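Thanks for making time this morning. I would like to take you through one helix and one pair of domains, so please have the viewer open.

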2 protein chains.
Amino acid sequence: MKAKLLKLKRLSREINDLNAAATVLYWDQTTYMPPGGAETRARQIATLRRLAHEKLTHPAIGRLLNALRPYESGLPYDADDASLIRVVRRDYERAVRVPAAFMEELSNHTATLYEIWTKARPANDFAAVEPFLEKTLDLSRQLAGFFPGYEHIIDPLIDFADEGMKASMLRPLFCELHQHLVPMFQAITAQQAADDTCLLQRFPEEQQVAFGLEVIARFGFDFERGRQDKTHHPFTARFSSGDVRITTRVKEDDLGEALFSTMHEAGHALYEQGIRRDLEGTPLARGTSSGMHESQSRLWENLVGRSRGFWRFFYLRLQTAFPQQLASVPFDVFFRAINKVKPSLIRTNADEVTYNLHVIIRFDLELALLEGRLLVRDLPEAWRERYKADLGMMPPDDREGVLQDVHWYSGVIGGEFQGYALGNIMSAQLFEAAVGAHPEIPPELEQGKFGTLHNWLKDEIYQYGCKYTASELIERATGAPLNIEPYIRYLRAKYGELYRL
Amino acid sequence: MKAKLLKLKRLSREINDLNAAATVLYWDQTTYMPPGGAETRARQIATLRRLAHEKLTHPAIGRLLNALRPYESGLPYDADDASLIRVVRRDYERAVRVPAAFMEELSNHTATLYEIWTKARPANDFAAVEPFLEKTLDLSRQLAGFFPGYEHIIDPLIDFADEGMKASMLRPLFCELHQHLVPMFQAITAQQAADDTCLLQRFPEEQQVAFGLEVIARFGFDFERGRQDKTHHPFTARFSSGDVRITTRVKEDDLGEALFSTMHEAGHALYEQGIRRDLEGTPLARGTSSGMHESQSRLWENLVGRSRGFWRFFYLRLQTAFPQQLASVPFDVFFRAINKVKPSLIRTNADEVTYNLHVIIRFDLELALLEGRLLVRDLPEAWRERYKADLGMMPPDDREGVLQDVHWYSGVIGGEFQGYALGNIMSAQLFEAAVGAHPEIPPELEQGKFGTLHNWLKDEIYQYGCKYTASELIERATGAPLNIEPYIRYLRAKYGELYRL
């Protein structure tokens, strides 16, 4: 039995190494690769991913998993070996249920659509993507169909990213959230908007980068086991437990861009750096879900990085780094500027209060499309109506409407957007539990100390990798199931004070 | 038959992609990787190399090669398909003859010895490496033994890097070279040494890098299909025909370091960038041998980069980049400084005249070790004697003696050093042929124009990748077999004038 387990670990490590190599190649592609490398690089990454998939779906894995069942059932649920076998089985079963020919068709189709979308978006040409998006919808349904027995057709798609989450659970959660957010947002926008011109001066790149690095070093980002480089669309990449990298982009005319993006990616990276080192090379050594990952990026970006306590420590430092720009800007003006709430059309620019409205619109449209209640050709109009209803703004064209996000044009419809809202909800639930366990956290933030918070998150969440699901971790760490109360309390307290609601 | 050929190409491309990925991971390891990534990175690279080796030695390749024999024999030798089948067969036969268990033993042993050497060298402790080096010698003989039928035991080892070259051919070539070099070197060192203090001032890194990049851009290095980064030990890495990278290191107190290293690596890169684009992903898309590769780095570094004509164009530019340091340094003083000949103990610092003496010493010692005429325990003494005899200097300790080069401590004994001398010999033979065909090349160099030379090299050498062996290319390009005459003529002319011999 030991030999079989060792063999399973060895095969898992090979799969891990192939995927990690693909990630290095992707990181290089988006940071340093010269333009001439593009074509072959795409093929090289595809080769590595395909070989990893072939190894994962090899019958030898199935045989080992079967042979290991008796051993597994004799172990406690949270034993490392039991968790390893469970996670490999989950990955294996997900992979083998989808025929290779379908995967290839899907992958070719999404590559084609992505190319078309990159041209259709600037041209405001939804008609160009429409027939392809219909095919995407068809393929998305087919993909779900390989996992029969679901309650809702979106459930298998959600399960890839946020295991165990279902439409039947997310719909009421998001509905409740929506009911809180809309009046809050309306009450805020009825008042005069915050003045954020202090952020829109000229801030030289070098000082911006230096300040961001100082902040995340204090968070606990380990530069011996990571680094930051520049790219177009920031992301975090894990190559191993000893090498977790973040990327950022800098706008010299907008101080918020790099600063909050750096904290956001650092949150993802703290999670990955915090996974138990001895899980390295096993399939347990990764964040457990999209939502949980996003909870960490949002916690460090927003609950910490946009908090009054954080800036009580850092604002003087920021003024020192940018005396010409900020010396005469009072604390409260700056603090309101970084927490400005305003209706907007673009999800990625949205503030804390409106962000989830953008996400819920997309989630609802996905449900409607997958259920057949909405046709692809009616999608742009449905999008506009929802924006008018929820955010009081109608996109002037599809560039700022249905064509804005890459997701539907580079993958399936369904399964990705829910993670963003889940992340926000979880971030507040976890932060509240951390402060409950350690009331010294808020005063520590005011001193630029993040160790107690960071350690609590490591102990309760990070260290486990994907041994537990997000729901399990939330229950263990907070003593309650996932719920929106802490998030609503957090928004009420913060924005209630800022806007005297 | 077409289907079989396509399958062979597909499998070759997979092997190519795995090896290219390993090269990207290695490049990252030596340029940007944080220290924490080291341990896992070594394993990831090893996994990729192992999977590539498994694919290359898979019986499916052998069956395809057999099935393709009739097709191959109906094609001309230099047809692309014939060349592809020939090169895959060579790679396959080399790989399958060596048992996997032996490869693993060798690889574990060399990894161990390398670790020991990194400590033994600074400690001047040959005794620490001696027993391991004996095992390396034993393994080197065993490796050669998997290729029976050789004339000399070093021949199979040489064949890995410089296909078709043999001791019986190299010994007389190097002997003749040695007979020319020693008196030339003695005549030069009997005179007063050149004054190179002008190179040993302080030269800020940024300007050094900018100047180097300007030079290689004029050579024809394509920055759309390559880039330069910093590392400890400069090298060139090919990821694809569209992505060939060089690395460099800068010493702010020695202008020669980065400048000539950049030109050297750019020579390697021009070769790789010049391979026919449509060979991308096939095993033909690589330089044909160590010697031929080194001929290109040395041609651009020395025959071009240390020539009077080159500096007639570039010296004023260099003075403009470093006015404080060089404005008052006359051309001839600078030119003698970069071509200073002096006896030295370290191969990598050696000038054009003495460099091959360092190489020939190592090659002769390898022959003696492999033939059993020299014992590993007597190697340090034999090293000292040869340095005394050939260069008139005795290393004060083994750090500057037998412990200096990484080669024997990270691989087998035999098969690597000959390429350095072959490269020098070939560089002059090719350059002479280029100038013979295009007498306008020397005057063009004086105008900073390198296109005629670069195009001739592309047409005669680079484009073919490894379709032809180095010997075949030399004959095709120069009309003569490999010989030292052009190299001796080149050194005589250049150093005869510099030192009035």
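I will begin with how the model is to be read, then turn to the helix, and then to the domains.

This is a predicted model, in which local features need pLDDT of at least 70 and side-chain atom pairs count only at pLDDT 80 or more, while totals for chains, interfaces and linings use all residues. Residues are numbered from 1 along each chain as its sequence is written, and chains are lettered from A and ligands numbered from 1 in the order in which they are written.

Helix α7 of chain A covers residues 126–145 (helices being DSSP runs of H or I with at least four residues, numbered from the N terminus). Its 20 residues should span 28 Å at 1.5 Å a residue, and the end C-alpha atoms are 28 Å apart, which agrees; the expected span is 1.5 Å times one less than the number of residues. Even so, α7(A) bends by about 30 degrees at A:F132, the bend being the angle between axes fitted to the seven residues ending there and the seven starting there.

A:F132 is also among the buried residues of α7(A), which include A:V129, A:L133 and A:T136; buried means that 20 or more other C-beta atoms, placed from the backbone, lie within 10 Å of a residue's own.

As for the domains, the assignment, automatic or from a database, gives domain 1 (2–97) and domain 2 (200–343 + 420–480) of chain A. Between them, 16 residues of domain 1 are in contact with 16 residues of domain 2, contact meaning C-beta atoms, placed from the backbone, within 7 Å. On the domain 1 side, the largest share, ten residues, comes from α1(A).

How values were computed:
Helix = DSSP H or I, 4+ residues; strand = E, 2+ residues; numbered from the N terminus. Buried ≥ 20, exposed ≤ 12 C-beta atoms within 10 Å, placed from the backbone. Contact = placed C-beta atoms within 7 Å.
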